[in-house]
Amino acid sequence: MHRGGDCAKWTRRFEEERERRHAQGDPDWARSATLHPAVWAGIQSFQVGENGDGAGLLAKADEAGDTDYGPAVRLFVTEERNHAHLLAPLLAAGGRPTLTTHWSDTAFVRLRRLMGLRRELLVLTVAEVVALRYYRALREGTNDPLTSDVAGRILSDEQRHVPFHCERLHASLTELPRPIRRPLMALWQLLLPTVSLAVAADHGPALRRLDIGRLRFVADAATSSRAVVSAILSPRPDAWTSAA
């Protein structure tokens, strides 16, 4: 992949968000958190997924031939790791430990490591779209104030991460022959419900407690996929917005 999109713009956005987070301060960790055990189990598995070091992605970004892209990706990875740092004390507030591994994260990381940057971003964007729906459910589906606060902060970041990846993927796909682009994104749209189904199967009891259920979770993720595909194929992918 070569230079594409205004990565310096994204670096500024990530830096501005970092300053905003600093000014906002931490959630009120003095609060306790009360959730159903199934919901806690879901948070534990997502916390593992957010806690990666992003080394593979960073290495590929540095090799992409765009001096502005690497710094933007580093800031993106920092935000992702901050999600893990938010979820860990949330778990502690509920008397729950963090996990060291989870099968879904292990499989996802191994899959991404086998790929080049373009394919890794396509897989990563699937995870981001699924995460958008999960954190929206977590924010809206519980009456626990601390959980809603933490989920809302993470959701705000994810709503920015998806267009960041869309813009880069748009630039990447322009390097491919035009007849290949839509079939490639059609395959991506097949991958998304497969991943959504796996997450829904694993988190079914938690999703029911969050008043969404498995089928609606998968359907909502599939609906979001159309906007993402349009953003990637469109000459203005930054116009993508999330209903979340």
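This passage walks through the helices of a predicted model, how some of them pack, and which charged side chains pair up.

Start with the overall picture. The protein has 10 helices and zero strands, so its pattern along the sequence reads simply α-α-α-α-α-α-α-α-α-α. Of the 244 residues in the protein, 50% are buried. As for contacts between residues at least 6 apart in sequence, 81% of them join residues at least 24 apart.

Now for helix H4, which covers residues 69–93. One of its partners is helix H1, residues 7–24. The axes of H1 and H4 come within 8 Å and cross at roughly 30 degrees. That angle makes H1 roughly parallel to H4, and the crossing is left-handed. On the H1 side, the residues that meet H4 are Cys7, Trp10, Thr11, Phe14, Glu15, Glu17, Arg18 and Arg21. On the H4 side, they find Tyr69, Pro71, Ala72, Leu75, Phe76, Glu79 and Asn82. Sorted by class, the contact of H1 with H4 has eight nonpolar, two polar and five charged residues.

Thr11 gives a close-up of this contact. It sits in helix H1 and has a relative accessibility of 14%, so it counts as buried. With neighbours within four places in sequence set aside, Thr11 touches Asp68, Pro71, Ala72 and Leu75. Pro71, Ala72 and Leu75 also appear on the H4 side of the helix contact.

Helix H4 has another partner in helix H7, residues 145–173. Here the axes come within 11 Å and cross at roughly 160 degrees. With that angle, H4 is roughly antiparallel to H7. Like the crossing of H1 and H4, the crossing of H4 and H7 is left-handed. From H4, the residues taking part are Tyr69, Ala72, Val73, Phe76, Glu79, Glu80, His83, Leu86, Leu87, Leu90 and Ala93. They meet Leu146, Thr147, Val150, Arg153, Ile154, Asp157, Glu158, Arg160, His161, Phe164, His165 and Arg168 in H7. In terms of class, the contact of H4 with H7 has 12 nonpolar, four polar and seven charged residues. Some H4 residues show up in both contacts: Tyr69, Ala72, Phe76 and Glu79 are listed against H1 and also against H7.

Leu87 is a handy residue to zoom in on. It belongs to helix H4, and with a relative accessibility of 1% it counts as buried. Leaving out residues up to four places away in sequence, Leu87 touches Ile43, Phe46, Gln47, Glu50, Tyr135, Val150 and Ile154. Val150 and Ile154 are among the H7 residues in the helix contact. Leu87 and Ile154 are 67 residues apart along the chain, and their C-alpha atoms are separated by 9.3 Å.

Next come the charges. Side chains of opposite charge can pair when their charged atoms come close. The structure holds 15 salt bridges. One of them joins Arg20 and Glu17, at 2.6 Å from N to O. These residues are three apart in helix H1, which means they are separated by about one helical turn. The two ends of this pair differ in exposure: Arg20 is partly exposed at 39% relative accessibility, whereas Glu17 is buried at 9%.

That pair is also part of something bigger than a single bridge: Glu17, Arg20, Arg21, Glu79, Asp157 and Arg160 are linked in a network of salt bridges. Several of its members have already come up in the helix contacts. Glu17 and Arg21 meet H4 from the H1 side, Glu79 is listed on the H4 side, and Asp157 and Arg160 are H7 residues that meet H4.

Another salt bridge links Asp28 and Arg31, with the closest N and O atoms 3.7 Å apart. Asp28 is partly exposed at 39% relative accessibility, and Arg31 is partly exposed at 36%.

Finally, Arg118 and Glu175 form a salt bridge at 3.5 Å, N to O. This pair links distant parts of the chain, 57 residues apart: Arg118 is in helix H6 (residues 117–140), and Glu175 is in the loop between H7 and helix H8 (178–202). Both ends count as partly exposed, Arg118 with a relative accessible area of 22% and Glu175 with 35% relative accessibility.

How values were computed:
Residues numbered from 1 in each chain as written. Predicted model: local features only at pLDDT ≥ 70, side-chain atom pairs only at ≥ 80, totals over all residues. Heavy atoms only, no water. Axes fitted to C-alpha atoms, helices over the stretch in contact; angles between N-to-C directions. Helix = DSSP H or I, 4+ residues; strand = E, 2+ residues; numbered from the N terminus. Parallel < 35°, antiparallel > 145°, perpendicular 65-115°, else oblique. Left-handed = near helix turned anticlockwise from the far one by under 90°. Contact = heavy atoms within 4.5 Å. Nonpolar A, V, L, I, M, F, W, Y, C, P; charged D, E, K, R; others polar. Buried < 20%, exposed > 50% of the residue type's maximum accessible area, 1.4 Å probe, protein only. Salt bridge = Lys/Arg side-chain N within 4 Å of Asp/Glu carboxyl O.
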